[in-house]
Amino acid sequence: MPRYELSLILKAMQRPETVMTLRRTVKTLMERGAVVRDLESLGERLLPYKISKHNQRHLRGGYFMIDFYAHPDTLPGLLNHLHRDVDVLRPMVLKKEEKAPGQNCCGLKS
């Protein structure tokens, strides 16, 4: 299974509501056969521009990254589910490339 990174912007909420939204998102991933590796909070901050979603305007949002393995066929259904979630402002899935063993980042030979 390929490795992916789910970047989420959630609407600004209190901590318990944010936890419930993240739990719901991770549960959805796991129900679709994904293996979640990591969940990272990048904090809450002002959005770069106003986002209108579900007839509400949002100026602040919580940024989160979820690292997971999943079959490529599950991604369209997952994104459809996340776009319909009222607490998720922007979901984006990126494929994470695995670094080859022994490969240096700057091209230097060891």
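The expected span of a helix is 1.5 Å times one less than its number of residues. The exercises below apply this and other simple rules to a predicted model.

**Exercise 1. Work out what span helix H1 should have, and compare it with the distance between its end C-alpha atoms.**

*Solution.* Begin with the residue count: helix H1 runs over 15-31, and it has 17 residues. At 1.5 Å a residue, the rule for the expected span leads to 24 Å for H1. The last step is the comparison, and since the end C-alpha atoms of H1 are 24 Å apart, the two values agree.

**Exercise 2. Describe the order of helices and strands along the sequence.**

*Solution.* First count the elements, which are two helices and four strands. Then read them along the sequence, where they follow the pattern β-α-β-β-α-β. As a further step, ask how contacts are spread along the chain: of those with a separation of 6 or more, 73% join residues that are 24 or more positions apart.

**Exercise 3. Find which residues of H1 are buried, and decide how they are placed around the helix axis.**

*Solution.* The buried residues of H1 are Thr18, Thr21, Leu22, Thr25, Val26, Thr28 and Leu29. Around the axis they cover an arc of only 155 degrees, and therefore they lie on the same side of H1. The general reason that such spacing works is that an α-helix has 3.6 residues a turn, so residues three or four places apart point the same way. On the other side of H1, the exposed residues are Pro16, Arg23, Lys27, Met30 and Glu31. To complete the picture, look for what the buried residues of H1 pack against, namely E1, E2, E3 and helix H2 (75-84). Thr28, which is placed in H1, offers a single example: its relative accessibility is 7%, so it counts as buried, and beyond residues up to four places away in sequence it touches Leu78 and His81.

**Exercise 4. Carry out the analysis of buried and exposed residues for helix H2.**

*Solution.* In H2, the residues Leu75, Leu78 and Leu82 are buried. Seen down the axis, these buried residues fall within an arc of 65 degrees, so they line one face of the helix. The face turned away from this buried side carries Pro76 and Arg84, which are exposed. Among the elements that cover the buried residues of H2 are E1, H1, E3 and strand E4 (88-95).

**Exercise 5. Explain what stands out about His54 and Asn55, and classify each by its accessibility.**

*Solution.* Recall first that most residues other than glycine have a negative phi. His54 has a positive phi of about 55 degrees although it is not a glycine, and Asn55, also not a glycine, has a positive phi of about 60 degrees. Next, locate them: His54 lies in the loop between E2 and E3, and Asn55 has its place in the loop between E2 and E3 as well. For the classification, a residue is exposed when its relative accessible area is over 50% and buried when it is under 20%, with partly exposed in between. His54 has 38% and is therefore partly exposed, whereas Asn55 has 85% and is therefore exposed. A glycine with a positive phi can be found too, since H1 is followed by Gly33, whose phi is near 90 degrees.

**Exercise 6. Show which residues Leu6 meets, and how far apart in sequence and in space Leu6 and Val93 are.**

*Solution.* Leu6 lies in strand E1, and its relative accessible area is 0%, so it is buried. Not counting residues up to four places away in sequence, Leu6 touches several others, including Thr25, Leu29, Phe64, Leu82 and Val93. Turning to Val93 in particular, Leu6 and Val93 are 87 residues apart in sequence, while their C-alpha atoms are 4.5 Å apart in space.

**Exercise 7. Describe the largest pocket by its volume and its lining.**

*Solution.* The volume of the largest pocket is about 220 Å³. Its lining has 15 residues, and those nearest its centre are Arg15, Thr18, Leu22, Ser41 and Phe64. Two or more lining residues come from each of strand E1 (3-11), helix H1 (15-31), strand E2 (35-53) and strand E3 (56-69). Sorted by class, the lining holds seven nonpolar, five polar and three charged residues.

How values were computed
Residues numbered from 1 in each chain as written. Predicted model: local features only at pLDDT ≥ 70, side-chain atom pairs only at ≥ 80, totals over all residues. Heavy atoms only, no water. 1 Å grid on protein atoms, 1.4 Å probe; cavity = no way out; pocket = protein on both sides within 12 Å on 5 of 7 lines; lining within 4 Å. Points joined across faces, edges and corners; volume = space filled by probe spheres on them. Nonpolar A, V, L, I, M, F, W, Y, C, P; charged D, E, K, R; others polar. Buried < 20%, exposed > 50% of the residue type's maximum accessible area, 1.4 Å probe, protein only. Arc of directions from axis to C-beta. Contact = heavy atoms within 4.5 Å.
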